[in-house]
Amino acid sequence: QGVTSRRLFFLFSVWRIRVLCVLLLLRFIHLAGRINFIIFLGMARGYKQEYVYKHPWERVTSACWRKYTDPENRTRLSHILEVDTISRKLDSCAGKLYTTRAITVNAPGPWWLQRIIGETVCHCVEQSTVDAANKSMEIVTRNVTLKKFVEVEEKSWYSPHPQNPSWTLFRQEMRIHCHTLSALASMAEKIEQRCAEKFQQNSAKGREVMENACSYLEAESNGIGVCL
């Protein structure tokens, strides 16, 4: 039993030393991020998903614009800190609306990574195109800060469901690209996995908010009051 205890203590000490070395290396990367001789390897993780809203395209896209603006949604979407419209352009000839928004969110990754990089928030740019004639809406969101550590790109599409035009098909693609030294490749994979899981959780919250907004708009069009 004494030998087993000493062995466990030894393994735990080695594990602590490895974690400390990794944290020191990450801190060094943060401080020396502009040094040319540091070689970064790219790793990526992504996922795709689809969801069907049993509401027409016009109602779902209207709900999409209200997703971040309604005060009732702030508790559900607590990871969204601020949303500002940068530009909005209507091409009347093509029947398309182009919108760019700045979105501030909680920085991706676990809390200890935020401590190392010295940032708790991440700034993103969302670019959307609404084609009213063809009933399509495309949204592309990318982070513009923390890019030397992690790059996140999210693409979303709203279109009428091919089997039921009175419904709306939502498609979403997410790509997470974590930059790291080769020695930290296994940790990069874990960070990417944590980020992907968090984004999937937030995506589920977003769908819940959208469903509530669609129900509200449906009731509003029928002259019925509803509480979100």
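1. Contact here means heavy atoms within 4.5 Å. With that in hand, a good place to start is histidine 161, which sits in the loop between E6 and E7. Leaving aside neighbours within four places in sequence, histidine 161 is in contact with Val52, Trp167, Thr168 and Leu169. Is this loop residue buried or exposed? Histidine 161 has a relative accessible area of 15%, and because buried means under 20%, histidine 161 counts as buried. Please keep in mind throughout that this is a predicted model.

2. Next, have a look at tyrosine 53, found in strand E1 (residues 41–53). Tyrosine 53 is buried, and its relative accessible area is 1%. Which residues does tyrosine 53 contact, leaving aside its neighbours within four places in sequence? They are Val60, Tyr158, Trp167, Thr168, Phe170, Arg207, Met210 and Glu211. One of these, threonine 168, is 115 residues away from tyrosine 53 along the chain, yet their C-alpha atoms are separated by 5.1 Å.

3. Tyrosine 53 also leads to the largest nonpolar core, which has 14 residues. The residues with the most contacts inside this core are Tyr53, Val60, Ala63, Cys64, Met137, Tyr158 and Met210. Helix H2, strand E5 and helix H4 each supply at least two residues of the core. There is also a second, separate core of nine residues, with Leu77, Ile80, Ile103 and Cys122 included.

4. Helix H2 (residues 57–66) rewards a closer view. Its buried residues are Trp57, Val60, Thr61, Ala63 and Cys64. Why do these residues lie on the same side of H2? They cover an arc of only 155 degrees around the axis, and that puts them on the same side of the helix. As background, an α-helix has 3.6 residues a turn, so residues three or four places apart point the same way.

5. Methionine 137 is a helpful residue to select on screen. Leaving aside its neighbours within four places in sequence, methionine 137 is in contact with residues including Trp57, Thr61 and Cys64, which are among the buried residues of H2. The contacts of methionine 137 also include Trp65, Thr129, Val130, Ser156, Trp157 and Tyr158.

6. Now for a pair of strands. E5 (residues 136–143) and E6 (residues 150–160) run antiparallel and are joined by six bridges. Valine 140 has lysine 155 in E6 as its bridge partner. The two strands form a hairpin with six residues between them, and leucine 146 in the turn has a positive phi of about 65 degrees.

7. The same hairpin carries a salt bridge. Arginine 142 and glutamate 153 form this bridge, their closest N and O atoms being 2.7 Å apart. Arginine 142 belongs to strand E5 and glutamate 153 to strand E6, eleven residues apart. Arginine 142 is partly exposed at 37% relative accessibility, whereas glutamate 153 counts as buried at 17%.

8. How many salt bridges does a search of the whole structure find? The search finds five. One of the pairs joins lysine 48 and glutamate 173, with the closest N and O atoms 3.9 Å apart. Lysine 48 lies in strand E1 and glutamate 173 in strand E7 (residues 168–180), so this pair ties together parts that are 125 residues apart in sequence. Lysine 48 is exposed, with a relative accessible area of 66%, while glutamate 173 is partly exposed at 30%.

9. Another salt bridge brings us back to H2. The side chains of glutamate 58 and lysine 135 meet at 3.1 Å, N to O. Glutamate 58 is in helix H2 and lysine 135 in the loop between strand E4 (121–131) and E5, so the pair ties together parts that are 77 residues apart in sequence. Glutamate 58 is partly exposed, with a relative accessible area of 39%, and lysine 135 is partly exposed too, at 34%.

10. A last residue to check is arginine 207 in helix H4 (residues 185–221). Arginine 207 is buried but has no salt bridge. How far away is the nearest side chain of opposite charge? That side chain belongs to glutamate 211, and the distance is 7.6 Å. Not counting residues up to four places away in sequence, arginine 207 touches Gln49, Tyr51 and Tyr53, the last of these being the strand E1 residue from earlier.

Methods. Residues numbered from 1 in each chain as written. Predicted model: local features only at pLDDT ≥ 70, side-chain atom pairs only at ≥ 80, totals over all residues. Heavy atoms only, no water. Helix = DSSP H or I, 4+ residues; strand = E, 2+ residues; numbered from the N terminus. Buried < 20%, exposed > 50% of the residue type's maximum accessible area, 1.4 Å probe, protein only. Lys, Arg positive; Asp, Glu negative; His and termini not counted. Salt bridge = Lys/Arg side-chain N within 4 Å of Asp/Glu carboxyl O. Arc of directions from axis to C-beta. Pairing = 2+ DSSP bridges. Core = buried A, V, L, I, M, F, W, Y, C linked by side-chain atoms within 4.5 Å.
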